[in-house]
Amino acid sequence: MTHVLDVLDERGFVEAKTHEAELREWLSQGPCTCYIGFDPTGSSLHIGHLIPVMALAYMQRCGHRPIALVGGGTGLVGDPSGKTEMRQMLTRETVDANAEALKRQLARFIDFSSQRALLVNNAEWLAGLGYIAFLRDIGRHFSVNRMIRAESYRMRLDSDEGLSFIEFNYMLLQAYDFLELHDRHACRLQMGGSDQWGNIVAGIDLVRKMRQQTVFGITFPLITTAGGAKMGKTAAGAVWLDAQRTSPYAYYQYWVNCDDADVPRFLALYTFLPMGEIREVAQLRDADLNLAKTVLAFETTQIVHGRQLAMEAMAAASSMFGSRRLPADLLPSSTLPRNSAGKGADDGVPSTDLGADEISEGIPLFKLFQLTGLSSSGGAARRLIRQGGAYVNNERVTADDRPVTLADFVGGELLLRSGKKHFHRVRLTK
RNA sequence: GGUGGGGUUCCCGAGCGGUCAAAGGGAACAGACUGUAAAUCUGUCGGCGAUGCCUUCGGAGGUUCAAAUCCUCCCCCCACCA
């Protein structure tokens, strides 16, 4: 089997690692235990979390045992690393509820059955710590001189806002997590985003000092789009893995709409397709790249939402935007259905139900755009329409007060469109 | 606790009694060009069934014909001092 370090390196997951030779040696000796922490600051993961999640998934696929640590304890403190502002303090109840939600989502990527992976919550060992005991046993191993030089605190120490004492302690808690996991589960590798370097190294040092044992760290690069934006940030906010917050259709669309330049890189990072096939994609040019985007979107959506919903999202997209047949030799490992791409329920396109009586008199078009949420206000809707960005059943309408009546409905449905890609279906009810 | 500097529309940031729904930039949205891409150019970018009306410039009062702009008190942030 290929060495997991080579897999991660090749796919673009690795920014930095400690003790490379020893780490490589350790990982080749058999199943190894590694971990990544997720702070339960929200009730759902979003696209920005995918890199560490995929890294754990690859670890497992390469025969190792990943631990996903949910920061039920550290979440109560708040990690200042790389943050320009102090984090909101969370209540214990919120943190616990979030931890449960994260667990369900992680299970999409990682197989937690029969100890093949573990999910732990650091509240288990952090919540009951005694202050004095902790300071004496753990705190004495940390040099404040060194901590304040850490890059992860730099931004905050230099900023106007400053760094509160509770946040300053975060590094100790995360280091202690590593020690606990080392003791409990023989975990010797911690991974994390590049902003976690300081915290990870602190844990490595702590384990060495207290257990005379070498443990390792790997950090991931900060992934941005070719346009320089953070992954998963859109005008509407983050792109979530929770179908309630971001529909499978919207999730699929996020990937289809990615920048050309990002396609091969994203296929490597966010799908399980083999690298040999992904490299072929680099040969594609211009509109042909859209075919690869379809595969990218399908694969990523399938991982998170399952095959059925991914197919529906794809069908909805092709019914709105049209589709081209995918050649059999493009990313052949993808399980995307290549022949029947055209048909399927086109659910996923947002829709609104409207009573027939509500429009019997006719309703001005701008009101309808406002009502469906395609425009945030009546004024915005009027502007949109006047500027020629509004379509009814795919025909441009430029009169903002054009009444919409029963005659506009085809089979009880009406398709509104704002600009090129924002669709909304209006259904007639009794 | 003292002294000084601040809090402006999604973000940054001008404005410092009328010409202010508030410059400029960013983000965003739409149009043109396209490939559901990027870049570029153009328009829009508080609300309102709208050539007018209403609500915004940390909060509450006040002065004035008129306040984001002046005064008073309060809240919050920052710097230096203690």
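How far does a polar side-chain atom of Q253 lie from a base oxygen of RNA strand B? The distance is 2.8 Å. With that contact as a way in, here are some notes on this predicted model.

1. **Overall build.** Chain A has 430 residues, and 51% of them count as buried. Its secondary structure comes to 19 helices and 15 strands. The C-alpha trace spans about 80 × 50 × 40 Å along its principal axes. Sequence-distant contacts are well represented: taking contacts between residues at least 6 apart in sequence, 75% join residues at least 24 apart.

2. **Around the RNA.** You will find 35 residues surrounding RNA strand B, and the closest are Q253, N257, D260, N290 and R383. By residue class, this surface divides into 10 nonpolar, 13 polar and 12 charged. On the RNA side, sugar or phosphate accounts for 61% of the strand B atoms within 4 Å of the protein, while the rest belong to bases.

3. **Contacts to look at individually.** Besides the Q253 pair at a base oxygen, two contacts involve phosphate oxygens of RNA strand B. In one of them, a polar backbone atom of G378 is 2.9 Å from a phosphate oxygen. In the other, a polar side-chain atom of Y391 lies 3.4 Å from a phosphate oxygen.

4. **Helices that supply the surface.** Five helices each give at least two residues to the surface near RNA strand B: α12 (248-256), α15 (289-305), α16 (307-321), α18 (365-372) and α19 (378-386). Of these, α19 gives the most, with five residues. Keep α18 in mind, as this helix returns in the next point.

5. **The five-stranded sheet.** An open sheet with mixed pairing runs in the order β9-β15-β14-β11-β12. At its edges stand β9 (351-355) and β12 (395-396); each has a single partner strand, so one side of each is left without a neighbour in the sheet. Further in, β14 (residues 413-418) and β15 (residues 422-429) run antiparallel and are joined by six bridges. One bridge to inspect is that of R417, whose partner in β15 is F423. Helix α18 packs on this sheet, touching β9, β11 (390-392), β14 and β15, and its direction makes about 85° with that of β14. The helix α18 therefore appears in both settings: it packs on the sheet, and it supplies at least two residues of the surface near RNA strand B.

6. **The six-stranded sheet.** A second open sheet, also of mixed pairing, has the order β1-β6-β5-β2-β3-β4. Its edge strands, β1 (16-17) and β4 (118-121), each pair on one side only. Within the sheet, β2 (residues 33-38) and β5 (residues 187-193) pair in the parallel sense over three bridges. T33 has C187 as its bridge partner in β5. Helix α4 packs on this sheet, with contacts to β2, β3 (65-70) and β4, and its direction makes about 165° with that of β4. Another helix, α11 (residues 197-211), lies across β1, β5 and β6 (216-220), running at about 175° to β6.

7. **A residue on α4.** Is E100 buried, partly exposed or exposed? E100 sits in helix α4 (residues 92-106), and its relative accessibility is 42%, so it counts as partly exposed; the buried class would need a value under 20%, and the exposed class one over 50%. From E100 to D353 there are 253 residues in sequence and 34 Å in space, C-alpha to C-alpha.

Conventions: Residues are numbered from 1 along each chain as its sequence is written. Chains are lettered from A and ligands numbered from 1 in the order in which they are written. This is a predicted model: local features need pLDDT of at least 70, side-chain atom pairs count only at pLDDT 80 or more; totals for chains, interfaces and linings use all residues. Side-chain values use heavy atoms; hydrogens and water are left out. A residue is near a molecule or strand if one of its heavy atoms lies within 4 Å of it. A polar contact is a pair of N or O atoms within 3.5 Å; within protein, one must be able to donate a hydrogen and the other to accept it, and residues adjacent in sequence count only if both atoms are side-chain atoms. Helices (H or I, at least four residues) and strands (E, at least two) are DSSP runs, numbered from the N terminus. Ala, Val, Leu, Ile, Met, Phe, Trp, Tyr, Cys and Pro count as nonpolar, Asp, Glu, Lys and Arg as charged, and the others, Gly among them, as polar. Two strands pair if DSSP finds at least two bridges between them. Contact means heavy atoms within 4.5 Å. Axes are lines fitted to C-alpha atoms, for helices over the stretch in contact, and angles run from 0 to 180 degrees between N-to-C directions. Buried means under 20% relative accessible area, exposed over 50%, partly exposed in between (1.4 Å probe, protein chains only).
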